[in-house]
Amino acid sequence: MITKQAAMKEGIKDSVKDCIGGTPLVRLSRLFPQQWIEVIAKLEYMNPGGSMKDRPARYIIEQGFKEGIIHENSHLIESTSGNLGVALAMIGRIYDLKVTCVVDPKITQTNLHILRQMGAQIEMVEERDDQGGYLKTRIKRVQELMQETPNGFWINQYANENNWKAHFHGAGSEIAEQLDHVDLFIAGVSTSGSIMGTSRRLRQKFPQMKVVAVDALGSIIFSPVAAPRELPGIGASRVPEILNKAEIDSVIHSNDWESVQGCRDLLLKEGIFAGGSSGSVVAAIHKLIPSLKPEGEGRFVL
């Protein structure tokens, strides 16, 4: 048996939540071989819950405890396309909190199975909203559950300021510490927490950096025209309250086919098995490269 102090010295974590963050950066030089461009990706799928959503799940819950709005009897409720639900269920196990995830038919069967195995309660909505998606009907069901559930706490990732703060103090700080130069920061949008938090931290160090949002074709975050879309985790049928469009320099839209092709390219060229939002970013970079001029020391694209 070893003491807790010795365990800390040896790098042994106290729980799985302490394994969140510290994900590596990797150059995508096989996928983007242009000599005057350096494309760098942060491998957020290496978080223990399998996505970057581990960061806000932990941060929101722990800040909630500090602020007294979450306690040992709280029942966490959230609308999710899958990844945040998995992260909440994982952190919920650590703190022995009840978790209910309101999902829709687009959730992957893998995530649905993980949620159940983690002990999360599942509420499935099947009615599409007026934008052709399910987000509004999921949120409606969340609001109903808040009325029905004792000690219910709505995570509300689209409006929770701690969502973007998790990425500001997490991925944003990690990237800023590791890189000396960034010209463009490219990220997918859904709740907008990751693009807002990460870009705000990076702009503290790289004030001239441009921010490019990647949205799903059919999402109404940056377009008034809604259309059917199938991939979860990117785009939305409402504009997130925490999004500040004035901080976004440009927007690139990717359709479902382009996103899937981006995932295949990432896997076949780099051996990286990532989700639809990552595929959308890869597709967007392919569209962006022709507009960039090979000058100076090159460009870092995240």
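These legends walk through close-up views of a predicted model. Local features need pLDDT of at least 70 and side-chain atom pairs pLDDT 80 or more, while totals for chains, interfaces and linings use all residues. Residues are numbered from 1 along each chain as its sequence is written, and side-chain values use heavy atoms, leaving out hydrogens and water.

**View 1. Phe65 and Tyr95 form a tilted aromatic pair.** A search of the whole structure finds two aromatic pairs (ring centres within 6.5 Å, with the six-membered ring used for Trp; planes under 30 degrees apart are stacked, over 60 edge-to-face, the rest tilted). Here the centres are 5.2 Å apart, with 45° between the planes. Phe65 belongs to helix α2 (residues 54-67) and Tyr95 to helix α3 (residues 83-95), so the pair links parts 30 residues apart in sequence. Helices are DSSP runs of H or I, at least four residues, and strands are E runs of at least two, numbered from the N terminus.

**View 2. Trp164 and Phe168 meet edge-to-face.** Their centres are 6.1 Å apart, with 85° between the planes. The two residues sit four apart in helix α6 (residues 161-178), about one helical turn. Both are buried (under 20% relative accessible area; exposed is over 50%, partly exposed in between; 1.4 Å probe, protein chains only).

**View 3. Arg200 places its charged end over the ring of Trp164.** The distance to the ring centre is 4.5 Å (the criterion is NZ of Lys or CZ of Arg within 6 Å of the centre and within 35 degrees of the ring normal).

**View 4. Gly68 follows directly after α2.** Gly68 takes a positive phi of about 80°.
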